[in-house]
Amino acid sequence: MNELLESLRDHRVEIITSIVETGYMIGNSMLFAIVVGLPMGTGLYLLRPGGPFPRPALHRALNVYVNVVRSVPFLLFVVALIPFTRWLVGTSFGTTAATVPLAFVAAALYARFSEQTLLDVPEQTVELARSLGASPLQLITRFLYSEARSGLVLSLTTVSISMVSYSTIMGVVGGGGVGDFAIRYGYQTYEYDLMYTVIVLMVIGVMLLQGAGSLLARVLDHRSR
């Protein structure tokens, strides 16, 4: 135990740095999920055949993107995206570069989850919006999102937890993060106690994230009032 505490003290700077790097990667990817993934998922819902504004060709294009990104193994996706990442941010190495593939995957995941959440909205809600003469923007913001807000928060929480897992792989492109720290300073140096301690800390972090998301979803759920 004393050796573990001493090891934690010796690596406290690296631990703090790795936590900041993980937070940076997850924060940026979740911002992209909200800004890009949520509109994309809304488009999948609205433009589907039989939807409020059916556009089969555009729906297929969005669907193909989501399916392709979600189906490619993440490590291969990271490697395949290196030329684009280098073009976009000027380098394929580092924490900023690591956020690029994470952002693409986060957007695809949240697009699919948000589509499924919106599909659970009762059809009567859409009919009510139309009968009141709501514009497309009003339909989305005042009816669909209002009705599905709890599910959208839970979906975002699920995606953010997935990003925690994906971020541990980003050491491959020098992204750093908590997972990379556990491998380099724990596994590769045979300090297994340090590695398992980091794993436990990650599990606690995920549990706190899930708890916060579930709590917010309950607060926003109008059905619980």
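**Figure 1. The largest cavity holds about 40 Å³ of space.** This close-up comes from a predicted model, as do the views that follow. A search of the whole structure turns up 1 cavity of 30 Å³ or more. If you would like to find the walls, look for Val78, Leu81, Ile82, Thr85, Ser92, Ala97, Pro101 and Val173, which line the largest cavity. Two helices each give at least two residues to this lining: helix H5, residues 82-89, and helix H6, residues 95-119.

**Figure 2. The largest pocket offers about 320 Å³ of space.** Its lining is made of 16 residues, and those closest to the pocket centre are Ile19, Thr22, Val178, Leu201 and Met202. Four helices each bring at least two residues to the lining of the largest pocket: H2 (12-47), H8 (136-167), H9 and H10.

**Figure 3. Helix H10 runs from residue 192 to residue 220.** How far apart should the ends of helix H10 be, at 1.5 Å a residue? For its 29 residues the expected span is 42 Å, and the C-alpha atoms at the two ends are indeed 42 Å apart, so expectation and model agree. Several residues of H10 are buried, namely Leu194, Met195, Thr197, Val198, Gly213 and Ala217. Valine 219 also belongs to helix H10, but this valine counts as partly exposed because its relative accessible area is 49%, between the 20% and 50% cut-offs. Here is a contact to trace by eye: valine 219 and serine 150 are 69 residues apart in sequence, yet their C-alpha atoms are 8.1 Å apart in space.

**Figure 4. A nonpolar patch of about 870 Å² lies on the surface.** The residues that make this patch are Ile183, Tyr187, Tyr190, Tyr192, Tyr196, Ile199, Val203 and Met207. Which helix gives the largest share of the nonpolar patch? That is H10, with 5 residues. Helix H9, residues 178-187, joins H10 in supplying at least two residues each. One patch member to pick out is valine 203, which sits in helix H10. Valine 203 is classed as partly exposed because its relative accessibility is 44%.

**Figure 5. Glutamate 115 and arginine 112 form a salt bridge.** Side chains of opposite charge can pair when their charged atoms come close. In this view the N to O distance between the two side chains is 2.6 Å. Both partners lie in helix H6, and because they are 3 residues apart, about one helical turn separates them. Are glutamate 115 and arginine 112 buried or exposed? Each of the two is buried. The count for the structure is 2 salt bridges, and the next view shows another pair.

**Figure 6. Aspartate 180 and arginine 184 meet in a salt bridge.** Their side chains come to 2.8 Å, again taken from N to O. The two residues are 4 apart in helix H9, so about one helical turn lies between them. An α-helix has 3.6 residues a turn, so residues three or four places apart point the same way. How accessible are the two partners? Aspartate 180 is buried, since its relative accessible area is 13%, under the 20% cut-off. Arginine 184, on the other hand, has a relative accessibility of 39% and therefore counts as partly exposed.

Terms used
Residues numbered from 1 in each chain as written. Predicted model: local features only at pLDDT ≥ 70, side-chain atom pairs only at ≥ 80, totals over all residues. Heavy atoms only, no water. Expected span 1.5 Å × (residues − 1). Buried < 20%, exposed > 50% of the residue type's maximum accessible area, 1.4 Å probe, protein only. Patch = residues over 30% accessible without salt bridge, like charges linked within 9 Å, V, L, I, M, F, W, Y side chains within 5 Å. Areas by Shrake-Rupley, 256 points an atom, 1.4 Å probe, with all protein chains shown as cover. Salt bridge = Lys/Arg side-chain N within 4 Å of Asp/Glu carboxyl O. 1 Å grid on protein atoms, 1.4 Å probe; cavity = no way out; pocket = protein on both sides within 12 Å on 5 of 7 lines; lining within 4 Å. Points joined across faces, edges and corners; volume = space filled by probe spheres on them.
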